[in-house]
Amino acid sequence: MDAYDWSTGIYAAAVAIAKCMTTEELSRTSLLLTQLGTTLGTLAALRQLEEGGSGTTAARL
């Protein structure tokens with residue numbers, strides 16, 4: 001799957017989810033998923049530091 005397919009799939013999922021939510025639910029879900037993504041990125045970086053790795057996970061995607 002290339003970057004375009006990935007982006008299209010994410011967009012389609014977001015639209016499908018948004019259609020079933022109120023504006024408040026959509027806002028809260030957005031905040032929750034943003035926090036989740038940030039926390040997962042932080043944990044991945046910390047794990048990489050502990051393992052002595054270099055570079056970023058995003059660079060390998």
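This report walks through the helices, the surface and the one salt bridge of a predicted model.

Some ground rules: residues are numbered from 1 along each chain as its sequence is written. The model is predicted, so local features need pLDDT of at least 70, side-chain atom pairs count only at pLDDT 80 or more, totals for chains, interfaces and linings use all residues, and side-chain values use heavy atoms, with hydrogens and water left out.

**Layout and confidence**

The chain has three helices and zero strands, running α-α-α from the N terminus. Helices here are DSSP runs (H or I, at least four residues), strands likewise (E, at least two), numbered from the N terminus. On pLDDT (the predictor's confidence in each residue, from 0 to 100), the chain averages 91, and 87% of the residues score at least 70. Confidence peaks in α2, at a mean of 97, and bottoms out in α3 (residues 57-60), at 58. Where pLDDT is low, the predicted coordinates should not be read in detail.

**The two helices with span checks**

The expected span is 1.5 Å times one less than the number of residues.

| Helix | Length | Expected span | End C-alpha distance |
|---|---|---|---|
| α1 (residues 3-18) | 16 residues | 22 Å | 22 Å |
| α2 | 28 residues | 40 Å | 41 Å |

Both agree with expectation. At the start of α1, a side-chain oxygen of D2 comes to within 3.1 Å of the backbone nitrogen of Y4. After α2 comes G52, with a positive phi near 75°.

**The salt bridge**

There is one salt bridge in the structure, meaning a side-chain nitrogen of Lys or Arg within 4 Å of a carboxyl oxygen of Asp or Glu. R28 pairs with E24, and their closest N and O atoms sit 3.0 Å apart. The two are four residues apart in α2, so about one helical turn separates them. An α-helix has 3.6 residues a turn, so residues three or four places apart point the same way. R28 is exposed, at 57% relative accessible area.

**Surface**

Just 2% of the 61 residues are buried (buried is under 20% relative accessible area, exposed over 50%, partly exposed in between; 1.4 Å probe, protein chains only). The chain's accessible surface is about 5500 Å², 64% of it from carbon and sulfur atoms; areas come from the Shrake-Rupley method with a 1.4 Å probe, and for residues only the protein chains shown count as cover.

L32, L33, L36, L40, L43, L46 and L49 make up a nonpolar surface patch with about 720 Å² of accessible area together. Patch residues have over 30% relative accessible area and no salt bridge, with nonpolar side chains (Val, Leu, Ile, Met, Phe, Trp, Tyr) joined within 5 Å and like charges within 9 Å. L43 lies in α2 (residues 23-50) and is partly exposed, at 48% relative accessibility.

Key
A polar contact is a pair of N or O atoms within 3.5 Å; within protein, one must be able to donate a hydrogen and the other to accept it, and residues adjacent in sequence count only if both atoms are side-chain atoms.
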